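Please consider the following structure with attention to how one chain is built and how it meets another. The explanation proceeds from strand pairing within a chain to the contact between chains.

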10 protein chains.
Amino acid sequence: MPDAKLLATFPNPHPDRDYIIEHIAEEFTSVCPVTGQPDFGSISVEYVADQLCVELKSLKLYLQSYRNEGIYYEDVTNRVLQNLVDLLKPRWMQVRSEWTPRGGIHSNIIAATGPRPGGLP
Amino acid sequence: MPDAKLLATFPNPHPDRDYIIEHIAEEFTSVCPVTGQPDFGSISVEYVADQLCVELKSLKLYLQSYRNEGIYYEDVTNRVLQNLVDLLKPRWMQVRSEWTPRGGIHSNIIAATGPRPGGLP
Amino acid sequence: MPDAKLLATFPNPHPDRDYIIEHIAEEFTSVCPVTGQPDFGSISVEYVADQLCVELKSLKLYLQSYRNEGIYYEDVTNRVLQNLVDLLKPRWMQVRSEWTPRGGIHSNIIAATGPRPGGLP
Amino acid sequence: MPDAKLLATFPNPHPDRDYIIEHIAEEFTSVCPVTGQPDFGSISVEYVADQLCVELKSLKLYLQSYRNEGIYYEDVTNRVLQNLVDLLKPRWMQVRSEWTPRGGIHSNIIAATGPRPGGLP
Amino acid sequence: MPDAKLLATFPNPHPDRDYIIEHIAEEFTSVCPVTGQPDFGSISVEYVADQLCVELKSLKLYLQSYRNEGIYYEDVTNRVLQNLVDLLKPRWMQVRSEWTPRGGIHSNIIAATGPRPGGLP
Amino acid sequence: MPDAKLLATFPNPHPDRDYIIEHIAEEFTSVCPVTGQPDFGSISVEYVADQLCVELKSLKLYLQSYRNEGIYYEDVTNRVLQNLVDLLKPRWMQVRSEWTPRGGIHSNIIAATGPRPGGLP
Amino acid sequence: MPDAKLLATFPNPHPDRDYIIEHIAEEFTSVCPVTGQPDFGSISVEYVADQLCVELKSLKLYLQSYRNEGIYYEDVTNRVLQNLVDLLKPRWMQVRSEWTPRGGIHSNIIAATGPRPGGLP
Amino acid sequence: MPDAKLLATFPNPHPDRDYIIEHIAEEFTSVCPVTGQPDFGSISVEYVADQLCVELKSLKLYLQSYRNEGIYYEDVTNRVLQNLVDLLKPRWMQVRSEWTPRGGIHSNIIAATGPRPGGLP
Amino acid sequence: MPDAKLLATFPNPHPDRDYIIEHIAEEFTSVCPVTGQPDFGSISVEYVADQLCVELKSLKLYLQSYRNEGIYYEDVTNRVLQNLVDLLKPRWMQVRSEWTPRGGIHSNIIAATGPRPGGLP
Amino acid sequence: MPDAKLLATFPNPHPDRDYIIEHIAEEFTSVCPVTGQPDFGSISVEYVADQLCVELKSLKLYLQSYRNEGIYYEDVTNRVLQNLVDLLKPRWMQVRSEWTPRGGIHSNIIAATGPRPGGLP
C-alpha cells in the first residue's frame, strides 16, 4: 500500500535559484477500487524545490507502492501531490497523471499547489 | 436518444483544491440529421469540480446514448456541456469535439462555461 | 442488421490485368454480442477483381448495416469476406479488421480466400 | 470562379454562448495567376458565431469554386475571410491557409477580423 | 501466480478457413526474479485457430495473473505460448513480448510453434 | 482532358543496368464521374527503363490534364500505366494511386505490367 | 554571394488589415566561414506587411544567392531580416533559421524587428 | 572533468538587437555519482547575447568534458548555466536538460537567469 | 577497454525450441580512433540461443566497456558479434549498429553468423 | 565538379564475413542541368565490402563535389555507384537517392551492381 515513508530527499544544490525539476514515471500501475482491475498510466511530477529535492530511486519505490492499491485516478494524483508537498515543502509543485483507455475513454488529472509562478523558466 | 439521467456522480475527494479532470472519449458516434449518415469523432470533457465528479462508466453510457441520434456537431457539443454543467455544477468546464472528415472537411467545436480560470495548473 | 443486398457492383474496367483494389473503412462500428457495448474498428478489403468491382458507396452502406448488430470480431471479418466473395467472385480477396482496445487488449483479424497470388504487384 | 452565393447558413443554436467552430478543408486547390500551374493547400476557418453558422456542405462547394481560379495565396485567404464575414457577421473569425511547397518554399497566410477575444475557450 | 485455468475458449466459427487472429495486450506487467522490481511490456498472441478460439476477457485475466510473479522475459513468452497451445491446439501460434528499457536496453522475445505457414493471409 | 501527347522522353542514360526510377505526385486531382465532386490523391510511378525515361516536367503536365476529367479510381490508375507503357516500353512498370477518404473510406489501387522482376535492387 | 537586389515586391493586396504571411524555405544552404564545409538548414520568414509583400520566386533566388557564401548562422539570420526589412518596411517581421547537426549539436536562431504585436491573429 | 576553460567566444555580430540563439546537444553523457553508471541526455542552451556569443566547437568540447564526471542531473544543468553566464554575461540564458529513463522514470531540468524577457521573438 | 569477461550467461530455459531473443541498447558510445571524438549509437543483438542466453545486466556492463575505446564502426559491430558468439555458441546471431550523424552522414552496420534461418518466427 | 579522386579507402577489417555497411548522406545537393536550380536530396550507399571499405570523411568530400554540378537524378545515382564500384570492387553495392519535391513530384532512384545476395543479414 502507498507508503510516503519510502520517499527520501537530498538538499537542493541551488536553492538560490527558482528552477524546474520534472520526473515522468511512465510505468505507473494501481488497481480500480470498483472493478478490482489494474489501471495503467504515467505520473509526472514537476516542481520548484526550496531546500529539498526528492531522491529519484526513492520516488520510484514510492510510486511502486501503489501497485496493488485500489484507488481512484483523482485520488492517486492528489495523494502523490500531498505526500511530496509534505516532504519537500516546495515553492511550487504540480502532479499530472495520464491513464490508458477504459471503455474507449482515457483520462488525465492535473493538480498543483497553486498557479505556475510567473517568473519560472 | 441522449439521456442525461444515465449520468452518475461521486463526491469530489479534494474540493479544497482547484484541479483539472479531463476525460477523452475517442469513440463517439452520432447521426447526421440531414443525410442520416453516421458521424464519428471524439468528445473531450475538461473541468474543475466543485462538490461533484462525473462517474466514468456513467459518462461512457451517456455518450453512447447519442449513437442513433440525429444531431449537428454544434448541438452535440453544447448539449453535452449543458447536461454535465446541470449535473455537476463545476467551477469551470469545457467540452471539445473533433470530427472525422466529410467531403474533405473536418471540424472541431469547443464550448465552455467561460474563459479558463487564470490560476489553474 | 447486416444486409448483403446493399452491395452493388460495376464491371471491372481492366479484367485483362491482375491489379489490386483496396478499400479501407476507418469508421466501422458494431456491438459486442456478450456485453451489448459498441465496438469500434476499421475494415480493409483488398482484392483482385475478375469481372466485377464493388461500388464504393454501396460498400459504405453495407458496412453501416452492422451498426447495431451484436457480432464477434472473428465473425464480422469472415462474414464481410464471404458476402463480398459471393457477390464479386474475385480472383483473390483478403479482409482485415483492426479493433480499438478493450480492457487493455486490441485485436486484429485477417481472413482471405487463400494465399496472396505470387505474381501480384 | 469563386462564388459567395454558394454559401448557405443556419441559425446559431447557442447564440447565448461564445464558443468556437472550426472547419478545416484539407483539399483546397486553385491556380497560380502567374504560371497557370495548380496550387494545393488547406483552408481553416475558425470563428465565434453570432446569429448565423455556415452550412458545411455549402462551404465545401464554395471552396471548390476556386478550383480553376488564378489567384494569389494572400488574396485567397483574405477573400474567403471577407465572404464569410459578410455572410455570417461573426463575433470573431480567422482564416488560415497552408500551401504545399513550390521551389522548396511553403507558405502560410493567417488573417482575422481582429485579435482572438480574450475570454474564448 | 500465473494460472492457465483462467483461460476460456469458444468454438472457432470458421474452422474451414486458415485465418489469423491477433490479440495485443499493451498493459502487461510481471516482476523481475532477480531484483524484485516490476517489469512492463506488451504481449502479442497471433494464431490460426483449429477448433477453438481463446475468449478475450479470459485472456485478459490470465495475463493479469502474472502481475506479482517473478519471472524472466524468456520464460513469460514461452510459458504463455505453451499454456495457449495446450488449451487451443492451434494450427500455428506465435507469442511476441516487447519490454520497456532497463539500464538503457530494451528487449523483445518471439516464440512460435514453428515457422509461419506459407499460405496464410 | 487526359492527354498522353503531353508526355516527353529522354534516352535512358544507363540502359545496360536494371535500376529503379520512382516518381511520386502528391497533388493529383480529378473528378468523380458519378457525383461531379473533385477527388484528391497521389500517383506513384515506379519503373525499370529500357531505352527511354519519362521527362519529369512533362509527367507533371500530363497528370495535371486529369484535373477536370470525370474518371474512376481504377480507371485513372490503369490509364496512367497504359499511357506510360505505350510511350516508354519499360522493362517493368507499376502505378499506385492512393486517395483521400470519401464517406470514411479511403482507397488504393495498384496496377503493374507484371510481377516485380526478381533481380531488382 | 548574397544579393538583396534579387528581391522583388508586389503591393500588399490588403494593407487595411494586419495579417500574417509566412514563407518557410526548407532547402537553405551556405558555407561555414571557418571550415569551408557546407551548412544546411531552413529559413522561415514571418511578417505583417505594410504596403509591400515579397514576391515568392524572388525570395527563392535571393536565398539561393547564399549557396557559396561563407557566413555564420547568426549572421545569415540577421542579414536576411535586415535585407527584407529594408525592402518591405513591414509592420513586423521575424526570421527563424534551423540548422542540421554538426558534431552532435544543432542550432536555431530567431531575430525580429521587435516583439510580436499583441493584436495579431 | 568539466572544464569551463574549454569555452571560447566571438563578438556578437548584432548586439543592437535582442535575438535568440539556441544550441541543442543531443549526445550528452555523464556518470551517475551514486551508481557509477553512465547517464545519457540532451542539453539545450538558449540565450540572448550581449557582447559575446559562445563558439560552437568549443561548446561541444566543453560538454564532452563531462563524459567521465560523476554528477547529478540538477547539478549539470545549473553548472552549465553558471559557466556560460560567467563567460558570456548574456542578457538572458536558459539551460534545459532531458535525460533517458532510469527505472522507468525520465527527468527534465530547466534553469535560467530569470524569466524569459517579454519582448523576445 | 572492451572486456568480454564481463559477459555472463544463464541456461536457455527452452532449448527445445528455436525462438528469437533481441536486446537493443540505445545508449552506446565509443570513441572515433581518428579524431578522438565520441561516437554515439545503438547496438541491437538478435539471436537464437542454443544452450546459453546472455545475462542482461552483464551485457550492459560489457557494452559500457567500449565507452573510452577508440574503435571504428565496422570493428565494434563485428567484435560484439564475435565476443557473443564465442560465449554463447548460438544457433544464429546478428548484430546491428546504428550511428548518429557525423558531417551530415549517418551509418548502419549489420553483421551475422550467416543468413537468417528459414524457419524462424 | 564530381571528383572520384577525393575518395579514400581502408582495408576491410573482416573480409572473411559478408556483412552490410550503409552510409546515408542526408545533405546532398547538386544543380538541375535544365533549369540551373539547385536540387536537394539524400544519397544512401549500402554495400558488402570485399578487401576495401570507403573512408567516411572522403565520402563526404566526394559527395560535396557535386554541389555546383548540373546533373540529372538518374545520372548522379549511377555515377556515384560506378565511382564507388571502381574504387572498392565490393561483393555487392546499392545506391539509393531520394529527392525533395519539384512541382509537387518527388523522386527516388535505386541502382545496384545486381540483386541483393540471398545470404545477407
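The paragraphs below treat the strands of chain F and then its contact with chain C. The model is predicted.

Within chain F, a convenient starting point is strand β2(F), residues 20-31, which pairs with strand β3(F), residues 38-48, in the antiparallel sense over nine bridges. One position in this pairing is T29(F), whose bridge partner in β3(F) is F40(F). The two strands β2(F) and β3(F) form a hairpin, and six residues lie between them. In the turn of that hairpin, G36(F) has a positive phi of about 75°.

Strand β3(F) also pairs with β5(F), residues 92-99; these two strands run antiparallel and are joined by eight bridges. Here G41(F) has W99(F) in β5(F) as its bridge partner. Strand β3(F) thus takes part in pairing with β2(F) and with β5(F).

Attention now turns to the contact between the chains. Chain F contributes 18 residues to the contact, and chain C contributes 20 residues. On the side of chain F that touches chain C, α2 (73-88) and β6 (105-112) each supply at least two residues. The most is given by β6(F), with eight residues. By character, the residues on this side of chain F comprise seven nonpolar, eight polar and three charged.

Strand pairing also crosses from one chain to the other. Strand β2 of chain C, residues 20-31, runs antiparallel to β6(F), and six bridges join the two. Among the residues involved, E22(C) has N108(F) in β6(F) as its bridge partner.

Notes:
Residues numbered from 1 in each chain as written. Chains lettered and ligands numbered in written order. Predicted model: local features only at pLDDT ≥ 70, side-chain atom pairs only at ≥ 80, totals over all residues. Contact = placed C-beta atoms within 7 Å. Helix = DSSP H or I, 4+ residues; strand = E, 2+ residues; numbered from the N terminus. Nonpolar A, V, L, I, M, F, W, Y, C, P; charged D, E, K, R; others polar. Pairing = 2+ DSSP bridges.
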